[in-house]
Amino acid sequence: MFQLPILNFSPQQVAGVCETLEESGDVERLGRFLWSLPVAPAACEALNKNESVLRARAIVAFHGGNYRELYHILENHKFTKESHAKLQALWLEAHYQEAEKLRGRPLGPVDKYRVRKKFPLPRTIWDGEQKTHCFKERTRHLLREWYLQDPYAGGQLVQKPPAKGSGSCSQKQTSAAGPVAGVRQDAKGRGRGHARGAGCRRQPGRQPVQQGSHFGHLHHFQ
């Protein structure tokens with residue numbers, strides 16, 4: 001009876017070969033290499049704890065359509081964060097393909113969302129943080145705190161100049177003083193909102209703001 005030659009590789013050497021074949025994308029050779037590994041109990045125990053070997057087995061199982069084996073590997077072994085992205089993609093894609101085969105049609109965005117809700121990522125390949133609109137909860141919390149501290153962190157607020165008296169202010173004084181406090185500067189330095197300088201004459205041709213209307217500037221944000 002024909003027998004395969006026994007490969008006397010250490011677990012570290014096996015892991016190195018698996019990583020090399022995985023990076024090359026040669027899944028067929030990777031599968032043949034895994035199949036040729038020794039089955040001695042001591043060797044199997046060491047290989048079953050090696051993340052590179054387990055990740056290689058998951059890749060081979062996925063490409064071979066053996067999704068049950070893929071799920072078993074991913075659900076029963078804790079992987080480091082460096083492997084999460086690739087293994088999460090395998091988990092989701094395998095469930096997508098099973099759902100497409102069951103329904104007999106390609107999945108749309110809503111279908112894929114339902115599949116993800118029905119088959120959430122196992123904690124062995126996920127750090128446990130929920131993502132909302134592509135942001136993790138920790139990131140959203142930090143953004144919310146920054147916004148509450150300064151809602152307009154990217155803008156520039158100019159302080160109101162001291163009062164010059166009750167008389168009318170000249171055009172030179174107005175330009176030197178700058179915009180009224182609280183008026184936001186846009187990219188070209190123009191003030192947004194209504195500058196209500198005390199005593200300044202209204203420019204010719206400008207429409208007066210109706211009395212009693214405190215929301216005349218809202219059209220800038222619509």
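**Figure 1. Contacts of Ser83 in the predicted model.** Setting aside residues up to four places away in sequence, Ser83 touches Glu51 and Arg55; contact here means heavy atoms within 4.5 Å. Ser83 lies in the loop that joins H5 to helix H6 (84–103). Helices (H or I, at least four residues) and strands (E, at least two) are DSSP runs, numbered from the N terminus. Ser83 counts as buried because its relative accessibility is 4%. The classes are buried (under 20% relative accessible area), exposed (over 50%) and partly exposed (in between), with a 1.4 Å probe and protein chains only. The model is predicted, with local features needing pLDDT of at least 70 and side-chain atom pairs counting only at pLDDT 80 or more, while totals for chains, interfaces and linings use all residues. Residues are numbered from 1 along each chain as its sequence is written, and side-chain values use heavy atoms, with hydrogens and water left out.

**Figure 2. Surroundings of Arg55 in helix H4.** Arg55 belongs to H4, which covers residues 51–63. With a relative accessibility of 14%, Arg55 is also classed as buried. Beyond residues up to four places away in sequence, the contacts of Arg55 are Glu19, Glu22, Phe79, Ser83, Lys86 and Leu87. Ser83, the loop residue of the previous view, is thus one of the residues that Arg55 touches. From Arg55 to Ile73, 18 residues apart along the chain, the C-alpha separation is 8.4 Å.

**Figure 3. Packing of H4 with H5.** Helix H5 spans residues 67–76, and its axis lies 8 Å from that of H4, at an angle of about 155°. H4 is therefore roughly antiparallel to H5. Axes are lines fitted to C-alpha atoms, for helices over the stretch in contact, and angles run from 0 to 180 degrees between N-to-C directions. Angles under 35 degrees count as roughly parallel, over 145 as roughly antiparallel, 65 to 115 as roughly perpendicular and the rest as oblique. The two helices, H4 and H5, make a left-handed crossing; a crossing is left-handed if the near helix is turned anticlockwise from the far one by less than a right angle, and right-handed if clockwise. On the H4 side the contact involves Leu54, Arg57, Ala58, Ala61 and Phe62, and on the H5 side Tyr67, Glu69, Leu70, Ile73 and Leu74. By class, the residues of this contact between H4 and H5 are 8 nonpolar, no polar and 2 charged. Ala, Val, Leu, Ile, Met, Phe, Trp, Tyr, Cys and Pro count as nonpolar, Asp, Glu, Lys and Arg as charged, and the others, Gly among them, as polar.

**Figure 4. Packing of H5 with H6.** The axes of H5 and H6 are 11 Å apart, and the packing angle is about 145°. The crossing of H5 and H6 is left-handed. From H5, the contact takes in Tyr67, Arg68, Leu70, Tyr71, Leu74 and Glu75, and from H6, Leu87, Leu90, Trp91, Ala94, His95, Gln97 and Glu98. The contact of H5 with H6 holds 8 nonpolar, 2 polar and 3 charged residues.

**Figure 5. Gln97 in helix H6.** Gln97, a residue of H6, is partly exposed, its relative accessible area being 30%. Phe62 and Tyr67 are the residues that Gln97 touches, when those up to four places away in sequence are not counted. Gln97 and Tyr67 are 30 residues apart in sequence, and their C-alpha atoms are 9.8 Å apart in space.

**Figure 6. Packing of H2 with H4.** Helix H2 (residues 27–35) and H4 have axes that come within 10 Å and cross at roughly 120°. This angle makes H2 oblique to H4. H2 and H4 cross in a left-handed way. H2 supplies Val27, Leu30, Gly31 and Leu34 to the contact, and H4 supplies Val53, Ala56, Arg57, Ile59, Val60 and His63. The contact of H2 with H4 is made up of 7 nonpolar, 2 polar and 1 charged residues.

**Figure 7. Leu37 in the loop after H2.** Leu37 sits between H2 and helix H3 (41–47), in the loop. Leu37 is buried, at 10% relative accessible area. Apart from neighbours within four places in sequence, Leu37 contacts Val14 and Leu47. The C-alpha atoms of Leu37 and Phe9 are 8.6 Å apart, with their positions 28 residues apart along the chain.
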